[in-house]
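Work through the exercises below with the sequence and the model at hand. Each task is followed by a solution in steps.

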Amino acid sequence: MQTRTLFISAGHSDADPGAVGNGYTEADIVLEFRDLLAGALRARGVEFSKDGEPGQNLPLSKAWRLAATQDIALEFHCNAFRAATATGVETLSWPGQMDLGGRICNVISETLDIANRGAKGEASGQHSRLAFVSRGGGIIVELFFISNPQDVARYQRWKLQLAEVLAELLAEEVMCAD
Ligand SMILES: [Zn+2]
């Protein structure tokens, strides 16, 4: 019995591609991943909403409004840094969401075999102070560094499996009593 609502969102939009690195834009990666995750959630019978139809990524200004109505809301991004060696996954959220954020970091770090930077506060990282967290109460998931060739290669190799393990974690979360 599903007791909590879930919203998954792809960061950025067609008009705002986000960071660029190693032949990819952030918007393209997170849109594809949102759709992979949607398929894996559907296969588990999890009910959820998302920021657009398959292949469609609504602008952030609409995503936070949707996030605010949900028990669990995730928005996917990629990190970027001038040094190509910067690596790993992290989440940004309010303190009340850091426990789940930490569990999300764990499965992403293990599946992609990249560093675990952990669950951080809203003011950390390049995507700090986004409305998705500050007004939507959601969790920003910085999947990996798009500026790091090894992070990108590992993501491309393991993205299908990553969608499955994250869907498994979320399927358990939405059944929780609180
Ligand atoms: Zn971003």
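**Exercise 1.** Determine in which hand α1 passes α5, and how the two helices are oriented to each other.

Solution. Step 1: in this predicted model, the crossing of α1 over α5 is right-handed. Step 2: the helices to compare are α1, residues 26-43, and α5, residues 149-173; their axes lie 8 Å apart and make an angle of about 45°. Step 3: angles under 35 degrees count as roughly parallel and those of 65 to 115 as roughly perpendicular, so α1 and α5 are oblique to each other.

**Exercise 2.** List the residues through which α1 and α5 meet, and sort them by class.

Solution. Step 1: α1 contributes Ile29, Glu32, Phe33, Leu36, Leu37, Ala40 and Leu41. Step 2: on the side of α5, the partners are Tyr155, Gln156, Lys159, Leu160, Leu162, Ala163, Glu164, Leu166, Ala167 and Leu170. Step 3: sorting the residues of this contact gives 13 nonpolar, 1 polar and 3 charged.

**Exercise 3.** Describe how α3 packs against α5.

Solution. Step 1: α3 covers residues 98-112, and its axis is 9 Å from that of α5, at an angle of about 145°. Step 2: α3 passes α5 in a right-handed crossing. Step 3: the residues of α3 in the contact include Leu100, Ile104, Val107 and Ile108, while those of α5 include Tyr155, Trp158, Leu162 and Leu166. Step 4: the contact of α3 with α5 holds 11 nonpolar, 2 polar and 3 charged residues.

**Exercise 4.** Work out the strand order of the sheet, and find which helices pack on it.

Solution. Step 1: the open sheet has 6 strands with mixed pairing, in the order β4-β1-β5-β8-β6-β7. Step 2: β4 (49-50) and β7 (116-121) are the edge strands, each pairing on one side only. Step 3: β5 (residues 72-79) runs parallel to β8 (residues 139-145), and the two pair over 5 bridges. In this pair, Asn79 is opposite Phe145 of β8. Step 4: α1 packs on the sheet and touches β1 (6-10), β4, β5 and β8, with its direction at about 150° to that of β1. Step 5: α5 also packs on the sheet, touching β1, β5 and β8, and its direction makes about 155° with that of β8.

**Exercise 5.** Give the overall make-up of the protein and decide how compact it is.

Solution. Step 1: the protein has 5 helices and 8 strands, which follow the pattern β-β-β-α-β-α-β-β-α-β-α-β-α along the sequence. Step 2: its radius of gyration is 15 Å, close to the 16 Å given by the globule rule for 178 residues, so the protein is as compact as a globular protein of that length. Step 3: the C-alpha trace spans about 45 × 30 × 30 Å along its principal axes.

Conventions:
Residues numbered from 1 in each chain as written. Predicted model: local features only at pLDDT ≥ 70, side-chain atom pairs only at ≥ 80, totals over all residues. Heavy atoms only, no water. Axes fitted to C-alpha atoms, helices over the stretch in contact; angles between N-to-C directions. Helix = DSSP H or I, 4+ residues; strand = E, 2+ residues; numbered from the N terminus. Parallel < 35°, antiparallel > 145°, perpendicular 65-115°, else oblique. Left-handed = near helix turned anticlockwise from the far one by under 90°. Contact = heavy atoms within 4.5 Å. Nonpolar A, V, L, I, M, F, W, Y, C, P; charged D, E, K, R; others polar. Pairing = 2+ DSSP bridges. Rg over C-alpha atoms; globule rule 2.2 N^0.38 Å.
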